[in-house]
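Here are some notes to read alongside the model, written as numbered points. Please keep the sequence and the 3D view open as you go through them.

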Amino acid sequence: MAASCCPSHGRFCLILLLAGAAAVVSSGSGAAALGDGGSSDVKLHVDSSCLTPQEHKHGAATGTRMPIVHQHGPCSPLTDKHGKPPSDEEILAADQRRVDYIHRRVSETTGQARPKRAAPPVQLQPAPLASSAASANLPASSGDALGTGNYVVTIGLGTPEERLTVVFDTGSDTTWVQCQPCVTSCYRQKEPLFTPANSSTYANISCSSSYCSDLDVRGCSGGHCLYRVRYGDGSETVGFYAQDTLTLASDAVKEFRFGCGEQNRGLFGQAAGLMGLGRGKTSLTAQAYGKYSGVFSYCLPATPSGTGFLDLGPGGAPAAANARRTPMLTDKGPTFYYVGLTGIKVDGRALSIPDSVFSAAGAILDSGTVITRLPPKAYAPLRSAFAKAMADLGYKKAAGTSFLDTCYDLTGVQGKALPAVSLAFQGDATLDVDASGILYMVDMSRACLGFAPNNDDTDVAIVGNMQQKTYGVVHDLGKKLVSFAPGAC
Ligand SMILES: *[C@@H]1O[C@H](CO)[C@@H](O)[C@H](O)[C@H]1NC(C)=O
Ligand SMILES: *[C@@H]1O[C@H](CO)[C@@H](O)[C@H](O)[C@H]1NC(C)=O
């Protein structure tokens, strides 16, 4: 096996990029902006500054195109010079809590593994909102289910607009921000709290409004509709369901409905809130369906110091020419973007995994889960084929960490190729995982295969954000298609 690469057939050159504590292995093309992508040597690039956003290669810029950055990367408006970024243990633990939450939601809403639970309580107790005593018992550090391994975008809310940096989440529906006066509790955020009293276009939604009935969990206080979203590990947000003008880059969505959070707990990494892009009625996707035809696309950058984009509407979709499409399976359950994962390839060879393994589990595409989760019967063959390919290339094994069990010591590694990993989807779509999505770098002495098994073969598989990096990922609710366009950022 020739050690030279960049570009080699189906393999990637190892170029190591260190950004603060986080390091990623990047492909030659992804790192071209950093220097000579044609060399076969491993490069160690210490990078703690924000890279200038690249010109996007596909799709005309539209009025909604917003930069997406990693929450804890140097480009993030939330980066706190004095704060400590989360450790890898914290990131992986939070990632597992999110996966557990998704599995619970999927089994509750599809009745796949368990009988449907009784409907959630229709009324919230207004008492906790008014009682300041309740806040004393809220554990300030519990729950960072959605805040840790995530990407953020900056939106505008209100008139005049307040700029707020929020977690971008395709795995939930309701958008919310922390709001003044924070009757019970707000966690610490970087930007000033959204102040409804300052906005001339803000309005509360009344309990009798049909919009109030769109909420999964709702309540009523003084005629005003209350919302509550719980993320499964104790993090939650409760407050008034409201509407105001949402500004996305230079475009505006009037009367956008969101939660004005008065009681919020969990560490959302100093973000002002969360933007829900799921399939449910309360999501931005659904609310602005008429305006944006149910289409949004995003690209997650290869490195924490890179910049990707989020775009709404068909105009922002990366060029169709090189996009690979797969059906969006909208009858599998609410909120999530279900797709048909059908196979896995390592170095171009399909692993022998029965179709029934993938069909029994089902799969969703999620922007907020970091590491792709597979049914154990699919993970085991991936792990052994990858380990064999790495052994053939002479990589030295290292101890596992958390739920990552296939790790390598890259100390002193020079100009070596990495095995290629591809995910195959219904409709002959393949996602040839970018090199930045193959190894999760804890540090130089520990780089781990960025995939993990679910506990159970019936748990839904989740295609995580690490494996989506550099692709233009288009979600088209009208055409019921998801597409992947390589090299979009
Ligand atoms: C709201 O308006 C007040 C008074 O003009 C101002 O001091 C405050 O900074 C504004 N709040 C935000 C978050 O913009
Ligand atoms: C929205 O409801 C809250 C709580 O009842 C109230 O304090 C606020 O003034 C209301 N805002 C508007 C614009 O009606």
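1. How many Å separate a polar side-chain atom of Asn204 from an oxygen atom of ligand 2? In this predicted model, which admits local features at pLDDT of at least 70 and side-chain atom pairs only at pLDDT 80 or more, while totals for chains, interfaces and linings use all residues, the distance is 2.4 Å. Residues are numbered from 1 along each chain as its sequence is written, chains are lettered from A and ligands numbered from 1 in the order written, and side-chain values use heavy atoms, without hydrogens and water.

2. Around ligand 2, with a heavy atom within 4 Å of it, are Tyr202, Asn204, His224 and Phe240. An N or O atom in the side chain of His224 is 3.1 Å from an oxygen atom of ligand 2. Of the 370 Å² of accessible area that ligand 2 has on its own (Shrake-Rupley method, 1.4 Å probe), the protein covers 41%.

3. The largest nonpolar core (buried Ala, Val, Leu, Ile, Met, Phe, Trp, Tyr and Cys residues joined through side-chain atoms within 4.5 Å) has 75 residues, of which Leu310, Ile344 and Leu382 touch the most other members. Domain 1 (2-47 + 318-485) and domain 2 (92-297) both contribute residues, so this core lies between them; the bounds come from an automatic or database domain assignment.

4. Thr406 counts as buried (under 20% relative accessible area, 1.4 Å probe, protein chains only) because its relative accessibility is 1%.

Methods:
Polar contact = N/O pair within 3.5 Å; in protein donor to acceptor, adjacent residues only side chain to side chain. Buried < 20%, exposed > 50% of the residue type's maximum accessible area, 1.4 Å probe, protein only.
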